[in-house]
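Me: I would be grateful for a close look at a single part of this structure, followed by a connected account of the parts around it and elsewhere. Please write it for a first-year student.

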Amino acid sequence: MRFENDSARAVQVDDLSVDLGGRLVLRGIDLRIRQGEVVAVLGTNGSGKSTLIKTVVGLLPAARGEVRLFGTPVPRFRDWRRVGYVPQRITAAGGVPATVYEVVSSGLLSKRRMFAPLGAAGKQAIEEALEVVDMADRRKDAVAELSGGQQQRVLIARALVSDPELLILDEPTAGVDLASQQIFADAVRERVARGTTVVMVSHDLGPMDALIDRSVVMRRGRVVYDGPPHASQTHAHVHHSHTDDDPGWLTS
Amino acid sequence: MTMFQLEFMQRALIAGLLTGLSAPAIGTYLVQRRLSLMGDGIGHIAITGVALGLLTGSAPVLTAIIVSIAGATAIELVRARGKATGDVALALLFYGGIAGGVLLIGLAGQGAATLNTYLFGSLTTVSQSDLYVVVGLAVAVLVVAIGLGPQLFAVCQDEEFARTTGLRVQLLNLVIAVMAAVTVTVAMRTVGLLLVSALMVVPVATAQQVTRSFRSTFITACVIGVLACLAGIVTSYNANVAPGATIVVLALAGFVVAATVGTLLRRRAGRARPLADEEPEVGVPAPEPHVVSAGHPHAHSQACGHKKVEHGDHVDYVHDGHLHAAHGDHWDEH
């Protein structure tokens, strides 16, 4: 098969176990994500899906096994410009106000040298990222003054601004209004069309549902389903009935 | 002869200018990381450094900088470990700094008067060699604070994201701690060790009453710091009191004015800023198909002021960035 060599794999997780404060949160996860795939990691609270994502981007250490990004083990991975990470929302706005523009520009740091000013190409990239999430007219507003959905849009712009090949989103739709979810889904769709690999963790995908070509369901730190999206949804949400042409899960 | 012709006043004003620039510069990063009191802790530790200098007969500025850098590094390491006991460890370090300093100064046979010039600043004791050290250190702090601005901003704003851009977060955190230690030493002769933290924090707090961006907060805070330092030193000369006290009192007066003006401006703009803790949704379960809003005491209605969104056969109300919909006697998350 064409994708068998390591470098064609955006993410490779082998026998990964993660220990958080003495509790084994992930137990022997194996996962391979090819370049260009759009994968949803689903599961209830405490299933370990956010832990998996944080370990993939190197924020948590592996207790056993390893994670490779583009073929390189994460602790030695240096090519961070290829990865865009959208965390669960600004954990807490800093003690000093910061504008939308300033927050988005920090997404370019993987490409910027120290003591170097922001070049014209960087400014252009920031403008484009702001346009994509429809926040260009709010660029001078303080992030703390925005709604939850708008803050989340700022975070995706911050990840998109470096033009990553692998986009990793942690709960992109949690607590986000429908209008923002739609803008979010459009932004991701545009990236997918350009061949970006997308991994997103979610309770509910909302308008992003249609983009997914594979889903991984986690339960108690293990992968219990890995395959085409629709089957997985009925697994994960047997209590919730919806028809096949239902575009989202939240519309009932 | 005016005070500006006095050599010691010229030295004091130059030192004040640089202190007024560098303390708020590093202070902006400390406030953004919510480590406002770090400068205070380093100031306490630096007292031991000063005492060590007096005891051994070497320059107190040099021993202070060595001890405060060591202390700042220790604070940063304890903080990075994130242990529950870190808080107590820091307290021990701070009290040890003060007690050790007073003890050593006593052993050196120096009185409270000498200690006071370091605790609250002194105009007459800035020597020519002190000034060279202060200028060199302040310039170094400013070069790092401005040159590494984008990197330090990212680390202070969102440390986890900064790590995923490949920044060496631990190293940059250490840079901030060391810069804070250097700034404490720079400010020691003008505002003094006990009040240096005020000069790092108060101008920043004042600036953010009227600013929205990090950059403008940084610049405004430095301008306020310089004004407070220069005016404080002049007042100190005329009133014959310790400059640290006049500088900080002036800075605080500026804060009161800015806070009043800021409140009036925001009220006039008709949109008071939401409190930072108004959106505690991190880690809260996302809306499932049917999630009851727990303990929702507020009944939404046509007139409640929350934005209304048509949603199929009913109306949702936008509430802190998510949607509430009526369902029988309770509210659902939509």
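**A buried glycine and its surroundings**

Reply: Gly121(B) counts as buried because 34 C-beta neighbours lie inside 10 Å, and the cut-off for a buried residue is 20 or more. The model discussed here is a predicted one. In chain B, Gly121(B) sits in the loop that runs between helix 5 (112-120) and helix 6 (128-147). Which residues touch this glycine, once its neighbours within four places in sequence are set aside? Gly121(B) is then in contact with Arg189(B), Thr190(B), Val191(B) and Gly192(B), and also with Ala242(B), Pro243(B) and Gly244(B). Sequence distance and spatial distance can be set side by side for one pair: Gly121(B) and Ala245(B) are 124 residues apart in sequence, while their C-alpha atoms are 8.4 Å apart in space.

The loop of Gly121(B) leads to helix 6 of chain B, and this helix packs against helix 9 (residues 169-187) of chain B with the axes 9 Å apart and an angle of about 150°. Helix 6 of chain B is therefore roughly antiparallel to helix 9 of chain B, as angles over 145 degrees are counted in that way. The crossing of these two helices is left-handed. On the side of helix 6 of chain B, the contact is formed by Val134(B), Leu137(B), Ala138(B), Ala140(B), Val141(B), Val144(B) and Ala145(B). Helix 9 of chain B contributes Val175(B), Met179(B), Val182(B), Thr183(B), Thr185(B) and Val186(B). Sorted by class, this contact between helix 6 and helix 9 of chain B holds 11 nonpolar residues, two polar ones and no charged ones.

A second helix pair in chain B may be described in the same terms. Helix 10 (residues 196-207) of chain B and helix 12 (residues 243-269) of chain B have axes that come within 9 Å and cross at roughly 20°. Helix 10 of chain B is therefore roughly parallel to helix 12 of chain B, since the cut-off for that word is an angle under 35 degrees. Their crossing is left-handed. Among the residues that make the contact are Leu199(B) and Val202(B) of helix 10 of chain B, together with Ile247(B) and Phe255(B) of helix 12 of chain B. The classes in this contact of helix 10 with helix 12 of chain B are 11 nonpolar, two polar and no charged residues.

Chain A offers a further helix for study. Its secondary structure comes to six helices and 10 strands, and buried residues make up 54% of its 252 residues. Helix 5 (residues 178-193) of chain A has 16 residues, which at 1.5 Å a residue should span 22 Å; its end C-alpha atoms are 22 Å apart, so the two values agree. The buried residues of helix 5 of chain A include Leu178(A), Ile183(A), Phe184(A), Val188(A) and Arg191(A). Among the elements that cover the buried residues of this helix are helix 3 (120-132) and strand 8 (197-202) of chain A. Just after helix 5 of chain A, Gly195(A) takes a positive phi of about 95°.

Two residues of chain A that are not glycines also deserve notice for their phi angles. Asp15(A) has a positive phi of about 45°; this residue is in strand 1 (residues 9-20) of chain A and counts as exposed, with 12 C-beta neighbours inside 10 Å. Arg220(A) has a positive phi of about 50°. Arg220(A) lies in the loop between strand 9 (214-219) and strand 10 (222-227) of chain A, and is partly exposed, with 14 other C-beta atoms within 10 Å.

Terms used: Residues numbered from 1 in each chain as written. Chains lettered and ligands numbered in written order. Predicted model: local features only at pLDDT ≥ 70, side-chain atom pairs only at ≥ 80, totals over all residues. Axes fitted to C-alpha atoms, helices over the stretch in contact; angles between N-to-C directions. Helix = DSSP H or I, 4+ residues; strand = E, 2+ residues; numbered from the N terminus. Parallel < 35°, antiparallel > 145°, perpendicular 65-115°, else oblique. Left-handed = near helix turned anticlockwise from the far one by under 90°. Contact = placed C-beta atoms within 7 Å. Nonpolar A, V, L, I, M, F, W, Y, C, P; charged D, E, K, R; others polar. Expected span 1.5 Å × (residues − 1).
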